[in-house]
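Welcome, and thanks for bringing your viewer along. Please load the model shown below and keep your selection tool at hand.

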Amino acid sequence: MYVSCQVLFSDPRMYLPPGLTETLLHSLQLPLSLLNYDRPTLHPAVPNGDCHGGRKDLNNFGNISPYHDAPTVPGVSADLPDDCTVDQVILLHRHGSRGPLGQQKYILKLVDTLDKARDTVQATDLPPYLEFLKEGYEYGLVPEELSIVGRKELFDHGVEFSLRYPTFSTDDVVSTTVPRVIDSAHFFSQGFFGREAERITFLTTDNFTDPVSWLDPSDPCPKLSAKPAFQAAQKWAERYIPPIAERLNKLIPGVDFSLDDIRGALYACPYDLAARNRSPWCNVFTAHELRGLEYELDLVLDGYSGHASRGDPGPLIGAFYIKKLIERLTNTTEDAKPLYLDFAHDVTILFAMSTMGLNKDAVPLSPDHPPAHRKFRTSNQTPFAAEMVWEKFTCKDSFKGPQVRLVLNGATYPLSICEHSEKDKEYGTCSLDAFVQANQYSMDVEYHSTIWNATCELDQ
């Protein structure tokens with residue numbers, strides 16, 4: 001089980017592990033001077049020295065959450081029966097923590113507003129959780145780039161993966177062409193292979209001739225658009241952010257925070273954590289307010305990854321990952337490897353899950369209000385450094401024939417689409433044959449097929 005405690009310390013170097021070595025520092029691209037670093041004491045504002053100051057809600061930032069293990073599913077075993085052996089492992093890994101994409105404009109707007117209101121802030125009697133504003137708030141995360149926290153997430157995951165599957169190895173690693181994904185593949189490999197990483201062949205999707213990449217399938221489909229999803233998120237933001245703005249404007253009269261400023265402050269919390277494992281903004285908001293941000297981000301990705309019931313492109317393009325997965329599990333090409341290491345994006349995982357119908361609610365998420373219960377929750381499904389691990393296994397007595405299991409972020413994710421027995425439900429698994437049959441839709445999808453052209457609006 002992975003543990004990635006994102007703690008709010010008084011020094012950003014606090015998250016560095018004990019027992020640093022020159023090899024580890026070199027792989028993380030950190031100065032060797034840290035070998036002599038004296039660890040400071042915990043900041044007194046952090047109660048009991050707990051992770052995140054005891055606030056578990058600081059793992060709930062949708063797809064920009066720091067890595068954490070997903071909660072276990074009640075009634076589903078975390079371990080396979082003792083008589084079972086894993087024969088093949090297929091990893092799809094999201095890149096680690098990064099700088100913001102389009103959200104940076106909101107953070108920069110906030111910084112500008114605070115800079116212009118500096119005298120007002122200095123003259124105001126602030127509550128303790130806003131005192132940091134008197135010293136000024138600095139933001140310096142590089143957009144889209146893998147952060148130092150992201151590097152460590154991937155290195156740690158490589159080490160943990162090697163411990164979990166000590167007899168598995170491979171000669172190559174595949175990633176998309178995006179720099180932060182390529183970097184993530186390298187840092188994971190440093191942890192997994194150690195010095196042997198030097199012999200590994202690192203490939204990108206450009207090295208393959210597939211018309212639709214199984215790791216980055218969105219470009220060939222013109223109809224795929226995030227615009228409606230962002231519009232839904234904006235509608236929700238206009239509902240949940242105004243009360244926050246009203247509260248903070250009463251505490252600091254004269255600053256006149258806009259809705260975009262508050263959005264920037266909300267985003268600053270998880271992106272500060274992505275940059276240096278701490279943020280003064282996280283203590284500014286209540287758990288209820290942060291749940292509003294989580295839902296905003298989920299609205300975007302629920303809409304973008306799509307619903308088969310609406311004929312959305314997401315489930316269609318996700319079929320190409322499922323086709324590749326089944327090709328490997330069934331050894332269709334007769335040269336399947338025991339281990340595959342692929343690195344891509346949150347949407348790669350979400351498209352695949354949408355295709356299989358594993359994480360979709362019966363009704364798409366609404367911008368009017370969050371449902372009381374929902375399956376789609378990217379905080380647990382695709383945080384930074386998310387891991388989708390497929391295991392093919394066989395057993396002496398417990399199951400007959402090859403079986404399939406999905407482990408998503410350290411927890412067994414039930415394969416409800418193909419479970420047929422009580423034992424399937426107990427272990428969250430299904431037979432390989434049942435898995436293939438349940439995904440016949442994906443097997444039938446081809447580039448420029450009738451369904452592809454109709455869904456993606458290409459010329460026929």
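## A tour by selection

Begin by selecting residues 313–329, which make up helix H9. This is a predicted model. Helix H9 has 17 residues and runs 25 Å from its first C-alpha to its last, close to the 24 Å expected at 1.5 Å a residue. Look along the helix to Phe320, where H9 bends by about 25°. Now switch on a surface: H9 is mostly covered, with 16 of its 17 residues buried. Step just past the end of H9 to Asn331, and you will find a positive phi of about 55°.

Next, select residues 259–276, helix H7. How far apart are the end C-alpha atoms of H7? They are 26 Å apart, which agrees with the 26 Å that its 18 residues should span at 1.5 Å a residue. Put a label on Ala268, because a kink of about 30° lies there, shortly before the proline Pro270. H7 is mostly covered too, since 15 of its 18 residues are buried. Asn277 follows H7, and its phi is positive, near 65°.

Keep H7 in view and add residues 287–305, helix H8. The two helices pack at an angle of about 85°, with their axes 11 Å apart. H7 and H8 are therefore roughly perpendicular to each other. To see where they meet, show side chains for Arg263, Leu266, Tyr267 and Pro270 in H7, then for Glu289, Leu290, Leu293, Glu296 and Leu297 in H8. Colour that contact by class and you get 6 nonpolar, no polar and 3 charged residues.

Now move to Ser97, in the loop between strand E1 (84–94) and helix H2 (104–116). Is Ser97 buried or exposed? Its relative accessibility is 1%, so Ser97 counts as buried. Leaving aside neighbours within four places in sequence, Ser97 is in contact with Glu145, Leu146, Ser147, Val149, Gly150, Glu153, Ala274 and Phe384.

For the last stop, select Glu419, in the loop between strand E7 (411–412) and helix H12 (422–427). Glu419 has a relative accessible area of 23% and is therefore partly exposed. Not counting residues up to four places away in sequence, Glu419 touches Asp424, Lys425, Thr429 and Cys430. Finish by drawing a distance between the C-alpha atoms of Glu419 and Ser431: these residues are 12 apart along the chain, and the separation is 7.9 Å.

Note on methods:
Residues numbered from 1 in each chain as written. Predicted model: local features only at pLDDT ≥ 70, side-chain atom pairs only at ≥ 80, totals over all residues. Heavy atoms only, no water. Axes fitted to C-alpha atoms, helices over the stretch in contact; angles between N-to-C directions. Helix = DSSP H or I, 4+ residues; strand = E, 2+ residues; numbered from the N terminus. Parallel < 35°, antiparallel > 145°, perpendicular 65-115°, else oblique. Contact = heavy atoms within 4.5 Å. Nonpolar A, V, L, I, M, F, W, Y, C, P; charged D, E, K, R; others polar. Expected span 1.5 Å × (residues − 1). Bend = angle between axes of the 7 residues up to and from the residue. Buried < 20%, exposed > 50% of the residue type's maximum accessible area, 1.4 Å probe, protein only.
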